[in-house]
Amino acid sequence: MGVVIPVYDDWPGLQRCLAALACQTYPRELLRLRVVNNGSSDWPADPAFPLPVDVLHHRRPGSYGARNRAALGWAVDVLAFTDADCEPTPHWIEQGVRSLVAADERAVLSAGRIVLTAMCAQAPTVAEQLDQILGFDQERTVRRAGFGVTANLFVPQAVFAELGGFHAHTRSGGDRDFCQRARLIGVPVVYAPSAEIRHPARDWQSLLLKQRRIVGGRLALAAGSPLGALQALFGSVRPVLSESWRVIRSSRFTLLRRCHLLVLVWILRGAVLLEWFRLMLPAQQALR
């Protein structure tokens, strides 16, 4: 069992993630961890970790290339992907492995549950509430789009090797692309609600950055195709209707709060549209 954690400028988050992994119910002797430093500026000169880990370095920007650096050719049977800002619950690995075994002889990928937590649970910001409504709904993502995000994804090593890992040239969307390629060879994605990790809900700047990065990832996967660029645009602005509907249906919020959330949804999609136009100009780089 091998856990892969790429990290970029989040040493404190990595420490919390590793501390959570040190409390797993899965047998420690069967567990291996690889941390990939993806060019962090806050990496200490003499790093210390709460449990044994292999540290690799991948200087080229992009978490998918960093994940490939750790996972391709690794002599483990199962790969578990998460991020440095995630905190796995104690049964995370045990339940993730169990979800793969439950598929009998059929190879599957397994996407676990992601719970978004506000910095102050009693007083979340409007941006955090928006992220809690729209962000990281793995059950919905698996059911409607057929993929799981790499913040919580279990993959048989044989499948990962057969597909050649993630597309390393994209900085966003590599998990969707990987799961789509897996489905083409007959390997579906299942949802594992008991394999749970916790992730901080994003603030407003982080929400903007994430959505702009997604546009860049889609254009990178389009590989210069004009049709692919238009598909990236459509795929990036289309969610505004479903997102608006999900906000409207969030009855736990007051009408005034839902109106505020709706405004933020449309601002986000406007920012996505502007980012697409920016990246269509010559010599523009996708955000990291």
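**Exercise 1.** In this predicted model, determine which residue of β3 stands opposite N37, and describe the pairing to which strand β2 contributes.

*Solution.*
Step 1. The residue of β3 that stands opposite N37 is H57.
Step 2. Strand β2 covers residues 32–37 and pairs with β3 in the parallel sense, over 4 bridges.
Step 3. In general, the strands of a sheet pair through backbone hydrogen bonds, in either a parallel or an antiparallel manner.

**Exercise 2.** State the strand order of the open sheet of 8 strands, and identify its edge strands.

*Solution.*
Step 1. The order is β3-β2-β1-β4-β7-β6-β8-β5, and the pairing is mixed.
Step 2. The edge strands are β3 (54–57) and β5 (87–88), each of which pairs on one side only.
Step 3. Edge strand β5 pairs with strand β8 (residues 189–200) in the antiparallel sense, over 2 bridges. Within β8, R198 is the residue opposite E87.
Step 4. Strand β6 (residues 109–117) also pairs with β8, here in the parallel sense and over 9 bridges. The bridge partner of V115 in β8 is R198.

**Exercise 3.** Name the strands across which helix α2 lies, and give its angle to β1.

*Solution.*
Step 1. Helix α2 comprises residues 63–71.
Step 2. This helix lies across β1 (2–7), β2, β3 and β4 (78–82).
Step 3. Relative to β1, helix α2 runs at about 145°.

**Exercise 4.** Classify the crossing of helices α4 and α10, and analyse the contact between them.

*Solution.*
Step 1. Two packed helices are described by the angle and the distance between their axes.
Step 2. The axes of α4 (residues 126–134) and α10 (residues 239–248) come within 10 Å and cross at roughly 110°.
Step 3. Angles of 65 to 115 degrees count as roughly perpendicular, and therefore α4 and α10 are roughly perpendicular to each other.
Step 4. Helix α4 contributes L130, I133 and L134 to the contact, while α10 contributes E243, R246 and V247.
Step 5. By class, the residues of this contact are 4 nonpolar, no polar and 2 charged.

**Exercise 5.** Describe the volume and the lining of the second largest pocket.

*Solution.*
Step 1. The space in the second largest pocket is about 190 Å³.
Step 2. Its lining consists of H169, T170, R171, G216, G217, L219, A220, L279, Q284, Q285 and A286.
Step 3. Helix α8 (residues 204–222) supplies the largest share of this lining, 4 residues.
Step 4. The lining divides into 4 nonpolar, 6 polar and 1 charged residues.

Definitions and conventions. Residues are numbered from 1 along each chain as its sequence is written. This is a predicted model: local features need pLDDT of at least 70, side-chain atom pairs count only at pLDDT 80 or more; totals for chains, interfaces and linings use all residues. Side-chain values use heavy atoms; hydrogens and water are left out. On a 1 Å grid over the protein atoms alone, a cavity is a set of points where a 1.4 Å probe fits but cannot get out, and a pocket is an open set with protein on both sides within 12 Å along at least five of seven lines; lining residues have an atom within 4 Å of a point. Grid points are joined across faces, edges and corners, and a volume is the space filled by probe spheres set on the points. Ala, Val, Leu, Ile, Met, Phe, Trp, Tyr, Cys and Pro count as nonpolar, Asp, Glu, Lys and Arg as charged, and the others, Gly among them, as polar. Two strands pair if DSSP finds at least two bridges between them. Contact means heavy atoms within 4.5 Å. Axes are lines fitted to C-alpha atoms, for helices over the stretch in contact, and angles run from 0 to 180 degrees between N-to-C directions. Angles under 35 degrees count as roughly parallel, over 145 as roughly antiparallel, 65 to 115 as roughly perpendicular and the rest as oblique.
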